[in-house]
Amino acid sequence: MASIGKFCSIACGARFLFNSANHSMTSLATYPFPVFFEEWGLDVSHITEAWDNKGDIVIGSDVWIGYEAVIFAGVTIGNGYPFP
């Protein structure tokens, strides 16, 4: 999930990489095998356990995100200007 504050500017090409875009570092393969949960009869509620959960992306208010910036899961960017 991502939270973006007020008055933010996001330049062209900026990317947000969420948890599902990361490869698990704890399994034998980096391939996301749990996407086959239906074919393998797995419970869909456990599919997110296949990826390391780095946390949410939180962007404060009055933040400028530059050209082709990459924001990874678990990153918090504070406010650009002190808001009350």
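1. In what order do the elements of the protein chain run from the N terminus on? They run β-β-β-α-β-β-β-β, which is one helix and seven strands. Helices (H or I, at least four residues) and strands (E, at least two) are DSSP runs here, numbered from the N terminus.

2. A word on where the values come from. This is a predicted model, in which local features need pLDDT of at least 70 and side-chain atom pairs count only at pLDDT 80 or more, while totals for chains, interfaces and linings use all residues. Residues are numbered from 1 along each chain as its sequence is written, and side-chain values use heavy atoms, with hydrogens and water left out.

3. Now the chain as a whole. The protein chain has 84 residues, and 18% of them count as buried. Buried means under 20% relative accessible area, exposed means over 50%, and partly exposed is in between (1.4 Å probe, protein chains only). The accessible surface of the protein chain comes to about 6200 Å², and carbon and sulfur atoms hold 61% of that surface. Such areas come from the Shrake-Rupley method with a 1.4 Å probe; for residues, only the protein chains shown count as cover.

4. Contacts tell you how the chain meets itself. Contact means heavy atoms within 4.5 Å. Among the contacts in the protein chain with a separation of 6 or more, 58% join residues 24 or more positions apart.

5. Have a look at the open sheet of three strands, with the order S1-S4-S7 and parallel pairing. Strand S1 (2–4) and S7 stand at the edges with a single partner strand each, so one side of each has no neighbour in the sheet. Two strands pair if DSSP finds at least two bridges between them. S1 and strand S4 (residues 57–59) are joined in the parallel sense over three bridges, and isoleucine 4 stands opposite isoleucine 59 in S4.

6. Valine 58 is a good residue to click on in S4. Which residues does valine 58 contact, leaving aside its neighbours within four places in sequence? They are Ser3, Val75, Thr76 and Ile77. Valine 58 is partly exposed, because its relative accessible area is 33%. The C-alpha atoms of valine 58 and isoleucine 71 are 9.8 Å apart, with the two positions 13 residues apart along the chain.

7. Next comes the loop between strand S6 (70–72) and strand S7 (76–77), where valine 75 lies. Valine 75 counts as partly exposed, since its relative accessibility is 29%. Its contacts, leaving aside neighbours within four places in sequence, are Asp56, Ile57 and Val58. Valine 75 and lysine 54 are 21 residues apart in sequence and 8.5 Å apart in space, C-alpha to C-alpha.

8. Alanine 73 is found in the loop between S6 and S7 too. Is alanine 73 buried or exposed? Alanine 73 is buried, because its relative accessible area is 11%. Its C-alpha atom is 5.5 Å from that of lysine 54, and these two residues are 19 residues apart along the chain.

9. Two backbone angles deserve your attention. Phenylalanine 7 has a positive phi of about 60° although it is not a glycine. Phenylalanine 7 is found in the loop between S1 and strand S2 (9–10), and it is exposed, with a relative accessible area of 60%. Glutamate 68 is not a glycine either, yet has a positive phi of about 55°. Glutamate 68 lies in the loop between strand S5 (64–65) and S6, and it is partly exposed at a relative accessible area of 44%.

10. On the surface, Tyr31, Phe33, Val35, Trp40 and Leu42 make a nonpolar patch of about 510 Å². Patches are made of residues with over 30% relative accessible area and no salt bridge; like charges are joined within 9 Å, and nonpolar side chains (Val, Leu, Ile, Met, Phe, Trp, Tyr) within 5 Å. A salt bridge is a side-chain nitrogen of Lys or Arg within 4 Å of a carboxyl oxygen of Asp or Glu. Valine 35 sits in the loop between strand S3 (15–17) and helix H1 (37–40) and counts as partly exposed at 39% relative accessibility.

11. Finally, the cysteines. A disulfide is a covalent bond between the sulfur atoms of two cysteines. The rule used here asks for a pair of cysteine sulfur atoms within 2.5 Å, and by this rule the count comes to zero disulfides. Cysteine 8 counts as partly exposed at 23% relative accessibility, and cysteine 12 counts as exposed at 59%.
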